[in-house]
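Trainee: I would like a close look at a single part of this model. Please take one helix, say which way its residues face, and then place it among its surroundings.

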Amino acid sequence: MITKIIWKATWIGVITGGILALFLKGVQAVTGRKVYTLLLNVDYIPIVKEYQFPEIIEVSFHIIVSIILCVLLAILYMRSLGFIRKQILWISLLANVIIGFLLYPTTSFSNRTPSVTDMTALFLWIVGHALYGLLVGWMLQRIDREKN
């Protein structure tokens with residue numbers, strides 16, 4: 001059972017991570033705010049920052065993080081009762097908005113990303129993470145409905 005949940009959560013991570021990447025890429029194309037560049041940015045990771053990766057590899061890094069997050073949320077969801085199970089949509093939303101706020105300051109480690117003081121970019125970044133969180137929560141609820 002847990003293997004099936006992890007497999008489904010992996011796919012949730014791939015799908016929602018891809019949607020977040022496409023959303024931020026579109027926002028960047030329309031507004032010029034480098035929120036997609038920030039999503040793919042690894043300039044704050046020692047050693048890794050020394051390499052220039054193709055976009056597909058950078059997106060893959062993002063998808064891997066999305067998968068890990070979704071698997072952790074799915075395990076929390078499936079092993080919990082009561083409040084967490086009933087509120088997974090809002091827990092996922094809140095967790096991802098917090099993650100968005102925590103990651104945004106990494107923009108100060110790169111000259112390719114928005115300025116840390118760019119409130120428009122921060123707003124767009126948080127909107128993307130909020131939408132991602134809602135989508136992850138909704139898809140996790142669907143896992144539970146499918147098993148019944």
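Mentor: What follows deals with helix H5 and then with the parts of the chain around that topic. Keep in mind that this is a predicted model.

Helix H5 runs over residues 88–103, which makes 16 residues. From its first C-alpha to its last it reaches 22 Å, close to the 22 Å expected at 1.5 Å a residue. The buried residues of H5 are Ile88, Leu89, Ser92, Leu93, Asn96, Val97 and Gly100. Seen down the axis of H5, these buried residues fall within an arc of 165°, so they line one face of the helix. The spacing has a general background: an α-helix has 3.6 residues a turn, so residues three or four places apart point the same way. On the other side of H5, Leu94 and Leu102 are exposed.

Next comes the nonpolar core. H5 is one of the elements that give two or more residues to the largest nonpolar core; the others are H1, helix H2 (35–40), helix H3 (55–79) and helix H6 (119–147). That core has 37 residues, of which Leu24, Val35, Leu39, Trp125 and Leu140 touch the most other members. The largest share, 11 residues, comes from H6. In soluble globular proteins, nonpolar side chains tend to be buried together.

Nonpolar side chains also occur on the surface. Trp7, Trp11, Ile15 and Ile19 form a nonpolar patch there, with about 440 Å² of accessible area together. Of these, Trp11 is found in helix H1 (residues 2–31) and is partly exposed, at a relative accessible area of 43%.

Charged pairs complete the account. The structure holds two salt bridges. In one, aspartate 118 meets arginine 33 at 2.8 Å, N to O. This pair links distant parts of the chain, 85 residues apart: aspartate 118 is in the loop between H5 and H6, and arginine 33 is in the loop between H1 and H2. Aspartate 118 counts as buried, at 15% relative accessibility, because the cut-off for buried is under 20%. Arginine 33 is partly exposed, with a relative accessible area of 30%.

Glutamate 55 forms a salt bridge with lysine 25, and their closest N and O atoms are 2.9 Å apart. Here glutamate 55 lies in helix H3 and lysine 25 in helix H1, 30 residues apart. Both ends are partly exposed: glutamate 55 has a relative accessible area of 36%, and lysine 25 has 37%.

Notes
Residues are numbered from 1 along each chain as its sequence is written. This is a predicted model: local features need pLDDT of at least 70, side-chain atom pairs count only at pLDDT 80 or more; totals for chains, interfaces and linings use all residues. Side-chain values use heavy atoms; hydrogens and water are left out. Helices (H or I, at least four residues) and strands (E, at least two) are DSSP runs, numbered from the N terminus. The expected span of a helix is 1.5 Å times one less than its number of residues. Buried means under 20% relative accessible area, exposed over 50%, partly exposed in between (1.4 Å probe, protein chains only). The arc is that of the directions from the helix axis to the C-beta atoms. Patches are made of residues with over 30% relative accessible area and no salt bridge: like charges are joined within 9 Å, nonpolar side chains (Val, Leu, Ile, Met, Phe, Trp, Tyr) within 5 Å. Accessible areas come from the Shrake-Rupley method with a 1.4 Å probe; for residues, only the protein chains shown count as cover. A salt bridge is a side-chain nitrogen of Lys or Arg within 4 Å of a carboxyl oxygen of Asp or Glu. A nonpolar core is a set of buried Ala, Val, Leu, Ile, Met, Phe, Trp, Tyr and Cys residues joined through side-chain atoms within 4.5 Å.
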